[in-house]
Amino acid sequence: MTDQLHQAVHLLPMPVTLIGAKDGDQHNITTAAWINQISWNPLQLMVSISPQRYIHDMIARTGEFMVTIMGEGDRATAFFCGTRSGRNTDKLKELNLPTEPGEVIAVPRIKDALANLECKLVKSIVSGNHTLFIGEVAAADYKKGPRPLVLWQGELITI
Ligand SMILES: Cc1cc2nc3c(=O)[nH]c(=O)nc-3n(C[C@H](O)[C@H](O)[C@H](O)COP(=O)(O)O)c2cc1C
């Protein structure tokens with residue numbers, strides 16, 4: 001991509017989330033900013049994940065994923081989970097992140113997060129060098145207060 005294209009696309013504000021998946025005993029969390037709501041009824045989210053990410057095959061295998069919306073206090077967690085792989089790091093253990101069981105899916109929620117959205121995979125679409133995982137939101141929790149983290153011009157900012 002040319003510099004001009006990069007700079008233009010970096011003006012898109014993107015929500016910073018943790019994507020969680022659980023395959024057997026293994027629970028992994030990965031930072032993802034290429035995510036959006038794509039349907040209201042049914043309520044569906046789409047997250048774009050590279051096949052190179054460890055979480056990619058975990059989602060494909062289990063058919064479930066958790067979307068945790070990150071707040072203003074979560075910069076370090078977002079950076080950590082976006083620069084380490086579950087292949088060789090137990091990110092939850094390293095961060096000592098408290099979790100609680102999901103209501104509908106096997107993937108745990110991140111406790112005290114701005115929001116947790118439990119998604120059941122309804123469709124996977126390979127597009128370019130990423131896979132678009134479309135999930136239907138089956139259950140959720142949220143809290144009011146912290147402002148969401150957004151990736152904008154290559155930086156994590158709050159809005
Ligand atoms: C702010 C931020 C946003 C990211 N967004 C995405 C994304 O939307 N899709 C993706 O495939 N990788 C994204 N990444 C990269 C992954 O989070 C990173 O490669 C991670 O280490 C993969 O972990 P895993 O191998 O345990 O799945 C992002 C990283 C950061 C720091």
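Visitor: What makes you say that the ligand sits in the largest pocket?

Guide: The ligand sits in the largest pocket because more than half of its atoms lie within 2 Å of the grid points, which is the criterion for sitting in a pocket. A pocket is an open set of points on a 1 Å grid over the protein atoms alone, where a 1.4 Å probe fits, with protein on both sides within 12 Å along at least five of seven lines. This is a predicted model, in which local features need pLDDT of at least 70 and side-chain atom pairs count only at pLDDT 80 or more, while totals for chains, interfaces and linings use all residues. Residues are numbered from 1 along each chain as its sequence is written, and side-chain values use heavy atoms, with hydrogens and water left out.

Visitor: Why is the pair formed by Thr 30 and the ligand called a polar contact?

Guide: A polar side-chain atom of Thr 30 lies 2.7 Å from an oxygen atom of the ligand, and a polar contact is a pair of N or O atoms within 3.5 Å, so the pair qualifies. A polar backbone atom of Thr 31 is 2.8 Å from a ligand oxygen atom, and for a polar backbone atom of Arg 84 the distance to an oxygen atom of the ligand is 2.8 Å.

Visitor: How do you know that Ile 49 is buried?

Guide: Ile 49, whose place is in strand E5, has a relative accessible area of 3%; buried means under 20% (1.4 Å probe, protein chains only), and therefore Ile 49 is buried.

Technical notes:
A polar contact is a pair of N or O atoms within 3.5 Å; within protein, one must be able to donate a hydrogen and the other to accept it, and residues adjacent in sequence count only if both atoms are side-chain atoms. On a 1 Å grid over the protein atoms alone, a cavity is a set of points where a 1.4 Å probe fits but cannot get out, and a pocket is an open set with protein on both sides within 12 Å along at least five of seven lines; lining residues have an atom within 4 Å of a point. Helices (H or I, at least four residues) and strands (E, at least two) are DSSP runs, numbered from the N terminus. Buried means under 20% relative accessible area, exposed over 50%, partly exposed in between (1.4 Å probe, protein chains only).
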